[in-house]
Structures are given as C-alpha cells and as structure tokens.
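Student: I would like a close look at one part of this model. Please take me through it in detail, then set it in the context of the whole chain.

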Amino acid sequence: MTYLAFHAVFILPPIALLAAWVAPRRHRLPRRAGWALAAVAALALAWTTPWDNHLVARGV
C-alpha cells in the first residue's frame with residue numbers, strides 16, 4: 001500500500017465524515033475553536049515530521 005493510498009483509505013474518510021457532521025453546527029462553535037484546531041494540526045505536523053523523515057531515510 002502506498003502512502004497516498006493509506007491516506008485515501010484511513011485518513012480522508014474520517015475527515016470527510018467529521019466535516020459533514022460539523023458543517024451544520026458551525027454557527028454554534030466558538031471562533032477560537034478554529035484557532036485551536038489549527039494549533040493542534042501545526043503541533044502534530046511539527047511533532048511527526050522528524051519521525052517521518054527518519055522512517056523514509058531508513059527505507060521503511
């Protein structure tokens with residue numbers, strides 16, 4: 001399984017389901033919820049990038 005296929009199967013469907021669930025409720029979410037989501041996404045990217053680069057370099 002390729003990296004792209006993994007994301008297509010395991011990551012994109014939950015994101016799509018969550019987006020469909022949240023869309024009608026957007027007016028009830030506080031504005032800072034968007035900032036919190038962006039902060040968590042940035043933290044996850046910063047935390048996992050070195051590990052992913054290490055795995056690629058090792059040929060995993």
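Tutor: Helix 1 has 20 residues. From its first C-alpha to its last it reaches 27 Å, close to the 28 Å expected at 1.5 Å a residue. Keep in mind that this is a predicted model.

Where does helix 1 bend? A kink of about 40° lies at I11. The proline P13 follows shortly after it.

I11 also belongs to a nonpolar patch on the surface. The other members are M1, F6, V9, F10, L12 and I15. Together the patch residues have about 710 Å² of accessible area. An α-helix has 3.6 residues a turn, so residues three or four places apart point the same way. Keep that in mind when you trace the patch on the model.

One patch member lies outside the helix. M1 is found in the segment before helix 1, which covers 3-22. Is M1 buried or exposed? M1 is exposed because its relative accessible area is 73%, and the cut-off for exposed is over 50%.

Now the other helix. Helix 2 spans residues 31-58, 28 residues in total. Its first and last C-alpha atoms are 42 Å apart, close to the 40 Å expected at 1.5 Å a residue. Helix 2 has a kink too, of about 35°, at T48. Here the proline is P50, shortly after the kink. G59 follows helix 2, with a positive phi near 80°.

How many residues of helix 2 are buried? The count is 0 among its 28 residues, so helix 2 is hardly covered, with buried meaning under 20% relative accessible area. Take A33, which is found in helix 2. A33 is partly exposed, because its relative accessible area of 29% falls between the 20% and 50% cut-offs. The C-alpha atoms of A33 and H54 are separated by 32 Å. These two residues are 21 residues apart along the chain.

Finally, the whole chain. It has 2 helices and 0 strands. Its radius of gyration is 15 Å, well over the 10 Å that the globule rule gives for 60 residues, so the chain is more spread out than a compact globule. The C-alpha trace spans about 45 × 25 × 10 Å along its principal axes. Of the 60 residues, 0% count as buried. The chain exposes about 5,700 Å², and carbon and sulfur atoms supply 74% of that area.

Key
Residues are numbered from 1 along each chain as its sequence is written. This is a predicted model: local features need pLDDT of at least 70, side-chain atom pairs count only at pLDDT 80 or more; totals for chains, interfaces and linings use all residues. Side-chain values use heavy atoms; hydrogens and water are left out. Patches are made of residues with over 30% relative accessible area and no salt bridge: like charges are joined within 9 Å, nonpolar side chains (Val, Leu, Ile, Met, Phe, Trp, Tyr) within 5 Å. Accessible areas come from the Shrake-Rupley method with a 1.4 Å probe; for residues, only the protein chains shown count as cover. A salt bridge is a side-chain nitrogen of Lys or Arg within 4 Å of a carboxyl oxygen of Asp or Glu. Helices (H or I, at least four residues) and strands (E, at least two) are DSSP runs, numbered from the N terminus. Buried means under 20% relative accessible area, exposed over 50%, partly exposed in between (1.4 Å probe, protein chains only). The radius of gyration is taken over C-alpha atoms; the globule rule is 2.2 Å times the number of residues to the power 0.38. The expected span of a helix is 1.5 Å times one less than its number of residues. The bend at a residue is the angle between axes fitted to the seven residues ending there and the seven starting there.
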